[in-house]
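Q: Got a model here that I'd like to go through. Can we start with the cysteines?

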Amino acid sequence: MEANRLDFYIGLSLAVSSSIFIGASFILKKKGLLRLASKGSMRAGQGGHAYLKEWLWWAGLISMGAGEAANFAAYAFAPATLVTPLGALSVLVSAMLSSYFLNERLNVHGKVGCLLCVLGSTVMVIHAPQEEEVDTLSAMADKLKDLGFIMFAVCIVGTSLVLIFAVAPRFGQKNVLVYILICSVIGSLSVSCVKGLGIGIKELFGGKPVLKEPLFWALVICLVICVSTQINYLNKALDIFNTAIVTPIYYVFFTTSVMACSAILLKEWLHMTTDGIVGTISGFLTIIMGIFLLHAFKDITFSWDSLPLYLKKGSLGFPFDQQPYVALPSHDSQAEDRLKLPRDGGRTAHQRAPSGGPQL
């Protein structure tokens with residue numbers, strides 16, 4: 001029990017450090033892509049690969065590699081239900097750094113969204129399962145042979161191919177969801193590969209001949225294919241769309257895909273209590289609310305200094321102390337209006353001549 005708890009906290013620490021590295025990588029990559037765009041190079045969104053010569057992009061890739069390595073190790077110690085949702089912290093890091101280095105300012109809604117991401121992650125950590133169900137590579141092989149996971153994997157591969165060859169060429173540059181969906185659905189398979197490889201590496205250090213297992217190398221090949229595809233389409237999304245949009249939406253779809261894959265493959269949810277399941281789902285929904293605030297109101301100029309002004313707004317858009325005064329009708333004003341009508345009518349009639357008559 002103590003060993004499982006120690007593994008849990010090791011995985012938690014690795015997941016948090018992974019989020020910091022990955023959040024910083026988005027900023028470094030975006031900086032590199034912006035520098036290339038200012039030089040007139042062919043952009044990644046147009047199919048160019050000039051970013052391979054930009055050192056800032058490589059710094060972002062190294063940072064992401066460090067984050068993914070920490071994430072890789074975290075899956076070997078902690079359940080995917082815990083590790084994956086903690087990626088919300090990368091959204092927080094990315095949003096904070098983008099406000100300083102990319103001039104993508106956060107308004108009050110964005111700051112509240114970041115706070116909700118942290119609170120939701122905390123709730124998920126508290127209610128996450130602390131015991132692993134799969135701890136050997138042979139057990140992972142049995143899970144991969146499950147009919148439910150095979151059907152899930154076929155659906156993921158089929159959906160990815162349709163998005164890549166049919167949807168992305170037509171709508172990829174117009175809709176941010178296209179490239180992000182490709183990264184997310186493929187990411188669910190890459191997490192499964194990472195989980196299996198992490199377990200295999202633990203067994204390797206334990207003295208077992210894991211390198212002779214065909215499954216180990218099959219997982220390596222699958223991971224390389226999935227990660228390279230994710231990097232390609234994530235670069236396109238970052239090049240075309242705002243970082244503050246790409247990062248949160250990618251988190252929501254990626255985490256949802258991974259949690260679905262974890263439920264089908266590892267069945268970690270079966271070992272959770274009702275309170276744990278409700279707490280995990282509530283924490284995840286809280287994170288989604290925070291992501292929504294970050295994304296939906298990003299273009300609204302709203303700060304703490306302007307909050308009193310917004311609170312004093314009336315229905316017509318005027319502050320209450322500046323709203324135009326409209327007098328209510330009274331008997332005296334109505335009588336005065338009736339006296340003015342004949343004079344107005346007489347003056348109008350006197351000024352207007354009949355049609356065809358002489359002008360006065």
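Q: Cys222 first. Is Cys222 buried, partly exposed or exposed?
A: Cys222 is partly exposed, because its relative accessible area is 28%, which falls between the 20% and 50% limits. Keep in mind that this is a predicted model.

Q: Which cysteine sulfur is closest to the sulfur of Cys222?
A: That of Cys193, at 3.3 Å. That is too far for a bond, because a disulfide needs the two sulfur atoms within 2.5 Å.

Q: And Cys226, what's its nearest cysteine sulfur?
A: The one in Cys222, 4.0 Å away. Cys226 is in no disulfide either.

Q: Is Cys226 buried or exposed?
A: Cys226 is buried, because its relative accessible area is 7% and the limit for buried is under 20%.

Q: How many disulfides in total, then?
A: Zero, going by that sulfur-to-sulfur cut-off.

Q: Switching topic. What's the overall fold made of, helices or strands?
A: Helices. The protein has 13 of them and zero strands. Along the sequence the pattern is α-α-α-α-α-α-α-α-α-α-α-α-α.

Q: How much of the protein is buried?
A: 44% of its 360 residues. The accessible surface is about 19600 Å². Carbon and sulfur atoms hold 67% of that surface.

Q: What share of the contacts comes from residues 24 or more positions apart?
A: 80%, counting contacts with a separation of 6 or more. One pair of residues far apart along the chain is Ala37 and Asp239: they sit 202 residues apart, yet their C-alpha atoms are separated by 9.1 Å.

Q: Where does Ala37 lie?
A: In helix H1. Ala37 counts as partly exposed because its relative accessibility is 33%.

Q: On to pockets. What's the space in the largest pocket?
A: About 610 Å³. The lining has 31 residues, and the closest to the centre are Ile22, Glu68, Asn71, Tyr250 and Phe254.

Q: Which elements give two or more residues to that lining?
A: Helices H1 (2–39), H2 (55–77), H4 (88–101), H8 (176–205), H9 (214–240) and H10 (243–265).

Q: Which of them gives the largest share of the lining?
A: H2, with seven residues.

Q: How does the lining divide into nonpolar, polar and charged?
A: There are 19 nonpolar residues, eleven polar and one charged.

Methods:
Residues are numbered from 1 along each chain as its sequence is written. This is a predicted model: local features need pLDDT of at least 70, side-chain atom pairs count only at pLDDT 80 or more; totals for chains, interfaces and linings use all residues. Side-chain values use heavy atoms; hydrogens and water are left out. Helices (H or I, at least four residues) and strands (E, at least two) are DSSP runs, numbered from the N terminus. Buried means under 20% relative accessible area, exposed over 50%, partly exposed in between (1.4 Å probe, protein chains only). Contact means heavy atoms within 4.5 Å. Accessible areas come from the Shrake-Rupley method with a 1.4 Å probe; for residues, only the protein chains shown count as cover. On a 1 Å grid over the protein atoms alone, a cavity is a set of points where a 1.4 Å probe fits but cannot get out, and a pocket is an open set with protein on both sides within 12 Å along at least five of seven lines; lining residues have an atom within 4 Å of a point. Grid points are joined across faces, edges and corners, and a volume is the space filled by probe spheres set on the points. Ala, Val, Leu, Ile, Met, Phe, Trp, Tyr, Cys and Pro count as nonpolar, Asp, Glu, Lys and Arg as charged, and the others, Gly among them, as polar.
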